[in-house]
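Open the structure in your viewer and keep the selection tool at hand. This tour goes from one selection to the next and says what is there.

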Amino acid sequence: MRQPLNVMPWLSGLSLRAQMGLAALAGFVTSLGLAPFALWPLALVALACVFLVVSAAPSRRAAAFTGWAAGTGYFAFALIWLIEPFMVDPWRHAWMAPFALFFMSAGLALFWGLATGFAHARGRLAFIGALTLAEVARSYLFTGFPWALLGYLWSESPLAIYAAYIGPHGLTLVALLTAVSLATRPLRAAFLGYAPFAAVLAALALAPQLHQDTRASATAPLLRLIQPNAAQHEKWDPALVPVFFERQLGFTEAPSATGQRPDLIIWPETAVPWTLERADTALDMVTQAAAGTPVVLGIQRFDARRLYNSLLLLDGTGAQAALYDKHHLVPFGEYIPFGDSLARFGLRGFAAQEGNGYSAGPGPRLIELPRIGAALPLICYEAVFPQDVRAAPARPQLLLQITNDAWFGRFSGPQQHLSQARMRAIEQGLPLVRAANTGISAVIDAQGRVTASLALGEAGFVDARLPAPLPPTFYSHTGDWPVLALALLLMAASWQRPRTTRTRDPKSR
């Protein structure tokens, strides 16, 4: 790649190990742009440093290793919450936590390594296009894992609202473009290179989508979110199961501060501690506590020998009005690939309480909520996937997420999960309502603003009115295709440039 700064010679003179160390450090600092820190200006500077170190690599192989190191540093801290499930039963599983975190981080970083190796000596446009395509690829391949996308560096910034037009991968491209511009001198050239994109963003800022009123009206449906705060190591304890269930019943029947009964009550994922086939008495108790109000709740159910992680809607009479089975399961969390064979070695899904894991439901579907309208159910992990939300058979009135973030601890995991849920609301121009076992339960408007919430680690309930939806967004129509086309165009443009040759440094080894 061309040398954008006069510090490049000393970077080129470093050994490959030193370059990889610097890249890993820069990747680590880049992850501080994500929730809960949201230090996005610092993250963009660190991402610029990643570009500089990768640019200094003397060969395609060195560029790939350096990019891989940057990705490993980024994911190692961005996904630090991965150790939490292993601490639920530490005597059995804690020893696996560092291995899981390292191999997950190093595996995801392969996408970065392939991108930086491919873009070697092709210039700035190739770096931006290739790394954008790498983030898209990891969002789709091998069931996908779009957690901690580079685009989420903007999630707590004013630019988050542009997800309504360009989606999370468009925000990734803008983050890379900004970082590369920061690393380019002279500053005038950097400004001129970024100016066309800044002009587009400025024009979009005037668009009606960003200036519509999404506040809930005084007559909007009143929702109640239930948060029992059952720690994961206690959630299935036989002595505590009735405590948490009674707590949810108490929150369900509690009077509202407004004096009005809610139009809908929402319990979190797996909130009922018995499978659906054995829960008749429990569901009768829920119906009695709700006093005629429909209730959405998370429950497990068997169908023949298959176990499902499900969302159940009880109408005001207690009848089962709708049932949704989670379809996008967490590998190694809710099911084990080749589970029947691996079960012989004691490997089972963490989140499944029966057998070797959950079975997947048929896919996205809508449920009709009385007095509210159509909702798209999302169970936990499913809210991470923008493509799954777009796959709904029709446009709903709201996105409805139930989750058990107790698995993620009380540090970065639940904060990042909420941040990504906010992005789904912006992308679709729809309100999103989430009930979380240990938090953060929240009502989010169609522009990603939290209008009501319960703090992490707090037991209680919150009543809030449903914000209004916006018209369908540009992203809801187009998805990721425009960004894919632009990234490929950048790659094609860079391919027309002559390669920059560089003498291999004898210190690189």
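## Salt bridges first

The structure holds nine salt bridges. The model is a predicted one, and the tour visits some of these pairs before turning to helices and the surface. As background, side chains of opposite charge can pair when their charged atoms come close.

**Select R92 and D89.** These two form a salt bridge, with their closest N and O atoms 3.6 Å apart. R92 is exposed, at a relative accessible area of 54%. D89 is partly exposed, and its relative accessible area is 26%.

**Select D405 and R434.** Here the side chains meet in a salt bridge of 3.5 Å, N to O. D405 lies in the loop between β8 and α15, while R434 belongs to strand β9 (residues 432-436), so the pair ties together parts that are 29 residues apart in sequence. Both D405 and R434 are buried.

**Select R424 and E427.** The salt bridge between them has its closest N and O atoms 2.7 Å apart. The two are three residues apart in helix α15, which means that about one helical turn separates them. Are these residues buried or exposed? R424 is buried, with a relative accessible area of 0%. E427 also counts as buried, because its relative accessibility is 1% and the cut-off for buried is under 20%.

**Stay on R424 and show its surroundings.** Which residues does R424 touch, leaving aside neighbours within four places in sequence? Its contacts are Y152, P168, A383, V384, F385, P386, V389, L399 and L432. Now add R390, which is 34 residues from R424 along the chain. The C-alpha atoms of R424 and R390 are separated by 9.6 Å.

## Two helices

**Select residues 40-55.** This is helix α3, which has 16 residues. From its first C-alpha to its last it reaches 22 Å, close to the 22 Å expected at 1.5 Å a residue. Colour the buried residues of α3: they include A43, L44, A46, L47 and A48. Further along, V50, F51, L52, V53, V54 and S55 are buried too.

**Select residues 97-119.** Helix α6 has 23 residues here and spans 33 Å between its first and last C-alpha, close to the 33 Å expected at 1.5 Å a residue. Where does α6 bend? The bend is at L110 and comes to about 30°. Move on to A121, just after α6, and you find a positive phi of about 65°.

## A patch on the surface

**Select F37, L39, L42 and F411.** Together they form a nonpolar patch on the surface, with about 330 Å² of accessible area. F411 sits in the loop between β8 (398-403) and α15 (412-428). F411 is partly exposed, at a relative accessible area of 38%. That loop has been visited before on this tour, since D405 also lies between β8 and α15.

## The whole protein

**Clear the selection and zoom out.** How many helices and strands does the protein have? The secondary structure comes to 17 helices and twelve strands. Of the 509 residues, 59% are buried. The protein exposes about 20,700 Å², and carbon and sulfur atoms supply 64% of that area.

End with the contacts. Among those with a separation of 6 or more, 70% are between residues 24 or more positions apart.

Conventions:
Residues numbered from 1 in each chain as written. Predicted model: local features only at pLDDT ≥ 70, side-chain atom pairs only at ≥ 80, totals over all residues. Heavy atoms only, no water. Patch = residues over 30% accessible without salt bridge, like charges linked within 9 Å, V, L, I, M, F, W, Y side chains within 5 Å. Areas by Shrake-Rupley, 256 points an atom, 1.4 Å probe, with all protein chains shown as cover. Salt bridge = Lys/Arg side-chain N within 4 Å of Asp/Glu carboxyl O. Helix = DSSP H or I, 4+ residues; strand = E, 2+ residues; numbered from the N terminus. Buried < 20%, exposed > 50% of the residue type's maximum accessible area, 1.4 Å probe, protein only. Expected span 1.5 Å × (residues − 1). Bend = angle between axes of the 7 residues up to and from the residue. Contact = heavy atoms within 4.5 Å.
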